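Trainee: Could you take me slowly through the sheet of this protein, and then through the helices that go with it? I would like to follow how the parts fit together, one step at a time.

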Amino acid sequence: MIDIELLRDKGILILTPREPLEKSDFLRIASAVDPFIAENGILTGVMIYVKNFPEWKNFAALVEHLRFVWDHQRKVERVAAVSDSGFLKIVPKIMEHFAHPEVKHFDFAEKARALTWLETGT
């Protein structure tokens, strides 16, 4: 299960995973953001807000996650990984090699700072 909050006025999507990620989570995210992207062309930012990364429930969930990233990466300007998870701390370094959006890590307590960066890029 993942909580999805779309700040329409800012063009920012906040994702808060609550338990291991499932294939259906990524289908729900797509159905929430695809109409916004169709109307506006792009998301200003995506925030992944989770203390510790909950991993994937199964291989199908991982594949759907990768598919979602591939299909949406050119439609997002910035991604903030707001977490104390060791895995999410290294994501920016990995993604800079193959994904379009700028990705930056913030400690879990820095949600407000991450939101400002998503909005302004500074």
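Mentor: In this predicted model, five strands make up an open sheet of mixed pairing, and their order across the sheet is E1-E2-E3-E4-E5. E1 and strand E5 (102–106) are the edge strands, and because each has a single partner strand, one side of each is left without a neighbour in the sheet. From one strand to the next the twist averages 15°. Strands of a sheet pair through backbone hydrogen bonds, and this pairing may be either parallel or antiparallel.

Both kinds of pairing can be followed here, and we can start with the antiparallel one. Strand E1 (residues 2–7) and strand E2 (residues 12–17) run antiparallel and are joined by six bridges, with Leu7 standing opposite Ile12 in E2. The two strands form a hairpin with four residues between them, and in the turn Gly11 has a positive phi of about 70°. E4 and E5, by contrast, run parallel and are joined by five bridges; in this pair, Ala80 has Lys104 in E5 as its bridge partner. H1 packs on the sheet, where it touches E1, E2 and strand E3 (43–49), and the direction of H1 makes about 5° with that of E1.

Within helix H1 you will find Asp25, and its relative accessibility is 3%, which is why Asp25 counts as buried, the cut-off being under 20%. Leaving aside residues up to four places away in sequence, Asp25 touches Met1, Ile2 and Pro20.

Now let us turn to helix H2, whose length can be checked with a little arithmetic. H2 covers residues 59–72, and at 1.5 Å a residue its 14 residues should span 20 Å, which agrees with the 20 Å that separates its end C-alpha atoms. The buried residues of H2 include Ala61, Glu64, His65, Phe68 and His72. Because these residues cover an arc of only 105° around the axis, they lie on the same side of H2. The general reason behind such a pattern is that an α-helix has 3.6 residues a turn, so residues three or four places apart point the same way. Phe59, Leu66 and Trp70 are exposed, and they sit on the face of H2 turned away from its buried side. Among the elements that cover the buried residues of H2 are helix H1 (23–40) and strand E4 (76–82). At the start of H2, a side-chain oxygen of Asn58 comes to within 3.2 Å of the backbone nitrogen of Ala60.

Helix H4 (residues 111–120) can be read in a similar way, and its buried residues are Ala114, Trp117 and Leu118. Seen down the axis of H4, these residues fall within an arc of 100°, so they line one face of the helix. The cover over the buried residues of H4 includes E2, E3, E4 and E5, which brings us back to the sheet. After H4 comes Gly121, with a positive phi near 80°.

Finally, we can step back to the whole chain. The protein has four helices and five strands, and from the N terminus on its elements run β-β-α-β-α-β-α-β-α. Of its 122 residues, 43% are buried. Among the contacts with a separation of 6 or more, 73% are between residues 24 or more positions apart.

Notes. Residues are numbered from 1 along each chain as its sequence is written. Side-chain values use heavy atoms; hydrogens and water are left out. The expected span of a helix is 1.5 Å times one less than its number of residues. Buried means under 20% relative accessible area, exposed over 50%, partly exposed in between (1.4 Å probe, protein chains only). The arc is that of the directions from the helix axis to the C-beta atoms. Contact means heavy atoms within 4.5 Å. A polar contact is a pair of N or O atoms within 3.5 Å; within protein, one must be able to donate a hydrogen and the other to accept it, and residues adjacent in sequence count only if both atoms are side-chain atoms. Two strands pair if DSSP finds at least two bridges between them. Axes are lines fitted to C-alpha atoms, for helices over the stretch in contact, and angles run from 0 to 180 degrees between N-to-C directions.
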